[in-house]
Amino acid sequence: MPKSQFIDPAEARKPGVIKFQDILLNQYDKTMKDELAHFEKEDLINIFFDMRLIREFEEMLMSIKTQNNYRGLEYNNPGPAHLSIGQEAAAVGQAYYLDKHDFIFGSHRSHGELLAKCFSAIRKMDDSELKTVMSDYMGGEIDQIVSSKTYESVKDKAVAFVLYGVLAEIFAKETGFNKGLGGSMHSYFLPFGVFPNNAIVGGSADISVGAALFKKINREKGVVIANIGDGSLGCGPVWEAFMLSAMDQYRELWEGDMKGGLPILFNINNNQYAMGGQTQGETMGYDHVARVGAGINPEQMHAERVDGFNPLAVIEAMGRKLELLRNKKGPVLLDTLTYRFSGHSPSDADSYRTAEEKKAWMDVDPIATYAADLLANDVLDQATLDLLTGRIESFVYDAVALAIDSEKSPRMDLMAEPDAIEKLMFSNRSVKALSDAKPDMLMAREDNPRVKQIAKRERFAFDQDGKPFSKNKTYQFRDAVFEAVLDKFYEDPTLVAYGEENRDWGGAFAVYRGLTEAVPYHRLFNSPISEAAIVGSAVGYAMAGGRALVELMYCDFLGRSGDEVFNQLPKWQAMSGGLLNMPVVLRVSVGSKYGAQHSQDWTSLCAHVPGLKVVFPVTPYDAKGMMTAALNGTDPVIFFESQRLYDIGEQFVAGGVPEGSYEVPLGEPAIRRTGSDVTILTIGATLYRALEAAETLSAEYGIEAEVIDARSMVPFNYDPVVESVKKTGKCIVAGDACERGSYLQDLAQNIQTLAFDYLDGPVSVLGSRNWITPAFELENDFFPQAGDFIDIYHQRLEPIPGYTPISTYTGVELKRRSKLGV
């Protein structure tokens, strides 16, 4: 798309051959004796200690899951436990060079990576910093609990702190790292650079890309590691993450210190099974995981297979790969070969593999072979090894004893505090800038060509005589969104905006026209057509500390990002126990004219999912004010816009849309027309058809309708609507979403409950037909029109003398449609 990149047909059509480089497999060939020249003995012993401690931790969980007992401590843990027994060398090798500035993300089987990264960070931090971390985290609650034991050093206490915090989280205790709301598959500890594990296979891939974008764009130290399994390579969002991480523009279009690749390494923990499916030979076709790097970019993602059963091999490979990332040559893919001795979960009967195969791998158990190497090379003796084992068992025993103590480690008491989780669903903060750095911009705001153009426009739709200004002279809905976004770019240096055709094209429906001139490439850019990665990376960007404004163009494309919108974006604030915020605004437009796959209103899908704020402004004043409020906030907001309305002017606020920044609170409906006979509550562009109907009802039948614009679905304040219904006694709820299962029904049910004593009849719902969205020429028979409001009033609320309805809204028709499923 950029004009600077000329596509020459002569060059593009030239015959040739794509050449690939060899991809290295298991090339490490050093012995322990060789490595004694590169490692201190203490470091080699620490590697063993970490592996053995992770093994003990995982075997403890297996024992509790299968026997309700660990070394005499009885406990029943009904929650999940996907264990990484056998994979310890891969986790410890990966973490060896990493410090608190490096971020790791994990999978549902990532206890090992989490613990190894924490242990590595602890060794690299001084005692005073560790004391501060422990005393500050959750107000020092965990620190106080582990202080009931004595330790030889601050670092030992920090290890105990981590073991307890993770285990209490797994056991759903309020004293866990995420207050017991994340559990085994969602644990993390940000002070040591451990970001959340993810229960969804491959779920961390695109989220990690977002964290890498944050580090790059905001000039933060460190790299990002995405720990995903070999089975995840069958997941579309993982491939989208690869593509987003490897975009050419990082090297070709981003400028200055931003030029160069992302600091991200995809570590494929290749234990050779996706649950029960064997990836090599059965469910995949790549032969070796590392091969997939060849399909991503000319550097083949610097892909390599490393023997994950040898921690020193992993350390050596990580050292080389980290150097690539520090030199802006990412992304990197590492195929870390390993094997899980345990099943997918403790209930796994292992029916998909043979005892002979398991024994063959157990015979080369990395912990046993590494310990033998230490002994053979006089790094330690058997007595020291036994002492280490005893210390490890004591660490884990003490963590279990504390975590199962219901007085020291209680669960969240939802009887005593029934709103405890409710208070964590949204952070409800307003933070105008997430950093005090100077925003990177290309020009002063007042020099922007579109700003100058907008300054000449009328900010109210009508002149002093009530006549509408021409569209070209009127400040439009698209201008309102533009102004709010532009203002935030100058205010918050962490803000990034990206999606499909955001730059040069001017964004969908010309909303972003004028941003290309003002905003540098690294803050406003085009992404691949990768809806899952667009949203998933925004989640990671926000987790890491930034603010993201992303766009999917059409509402219908939400389906392509289903997990990210419904399972990732809304969940992390509460799953983190309120320790993470999620300042992400996702723009989507509700279409018209484009048929069944481009003209659907999916507001109901988003409103159904707890943890998302969902808004649908339909006036320029609200568009600017609500976008500003959403961008100032720290919660995820799905920002719906109607394609029908991008060129409308402000018709309701007499002073027009203010030039300066302002907020319209999310959740407050607005009365657009007063009346005494019926309340009409609308969502989206249906407002304007409701107003048209209200004028007809008044002029022709003497019925005065009060029309209320919902503006927001989540949150939503019912008080103004109930007060209106108390006055009118009748209510219609309308919108462009298909009627069946829509949020319109939810609104109607709640209004009926809250205003039952004041209603003359049931609340009626007017939505679109339960069909596919037809061609533009047939849309009037699909979406609610002005006449439909009058028809439904006549047939369901109160007969209008002398009126003959066009459409049928009787009970008989309702039952007929329902019986047919339409």
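A salt bridge here is a side-chain nitrogen of Lys or Arg within 4 Å of a carboxyl oxygen of Asp or Glu. The legends below describe close-up views of such pairs in a predicted model.

**View 1. Salt bridge between Arg-587 and Glu-641.** The side chains of these two residues approach to 2.6 Å, taken from N to O. Arg-587 belongs to strand β14 (residues 584-590) and Glu-641 to strand β16 (residues 637-642), so the pair ties together parts that lie 54 residues apart in sequence. Because its relative accessibility is 2%, under the 20% limit, Arg-587 counts as buried. Glu-641 is likewise classed as buried, at 0% relative accessibility.

**View 2. Surroundings of Arg-587 in strand β14.** Besides the salt bridge to Glu-641, the side chain of Arg-587 makes a polar contact of 3.1 Å with the side chain of Glu-551. Neighbours within four places in sequence are left aside in the contacts of Arg-587, which include Val-481, Val-511 and Tyr-512. Also among them are Leu-549, Val-550, Glu-551, Leu-552 and Met-553. Further contacts of Arg-587 include Met-627, Phe-639, Glu-641 and Tyr-646. With a relative accessible area of 2%, Arg-587 is buried in these surroundings.

**View 3. Salt bridge between Arg-123 and Asp-50.** The side chains of Arg-123 and Asp-50 come to 2.7 Å, N to O. This pair links distant parts of the chain, with Arg-123 in helix α5 (residues 111-124) and Asp-50 in helix α3 (residues 41-67), 73 residues apart. Asp-50 has a relative accessibility of 4% and therefore counts as buried. Arg-123, at 33%, counts as partly exposed, because this value falls between the 20% and 50% limits.

**View 4. Salt bridge between Asp-350 and Lys-358.** The closest N and O atoms of this pair are 2.6 Å apart. Asp-350 has a relative accessibility of 13%, so this residue counts as buried, the limit being under 20%.

**View 5. Network of salt bridges around Arg-52, Glu-56, Arg-71 and Glu-393.** In this view, salt bridges link the four residues into a network. Two of the members are arginines, Arg-52 and Arg-71, and two are glutamates, Glu-56 and Glu-393. The structure as a whole holds 48 salt bridges, including those of Arg-587 with Glu-641, Arg-123 with Asp-50 and Asp-350 with Lys-358.

Methods. Residues numbered from 1 in each chain as written. Predicted model: local features only at pLDDT ≥ 70, side-chain atom pairs only at ≥ 80, totals over all residues. Heavy atoms only, no water. Helix = DSSP H or I, 4+ residues; strand = E, 2+ residues; numbered from the N terminus. Buried < 20%, exposed > 50% of the residue type's maximum accessible area, 1.4 Å probe, protein only. Polar contact = N/O pair within 3.5 Å; in protein donor to acceptor, adjacent residues only side chain to side chain. Contact = heavy atoms within 4.5 Å.
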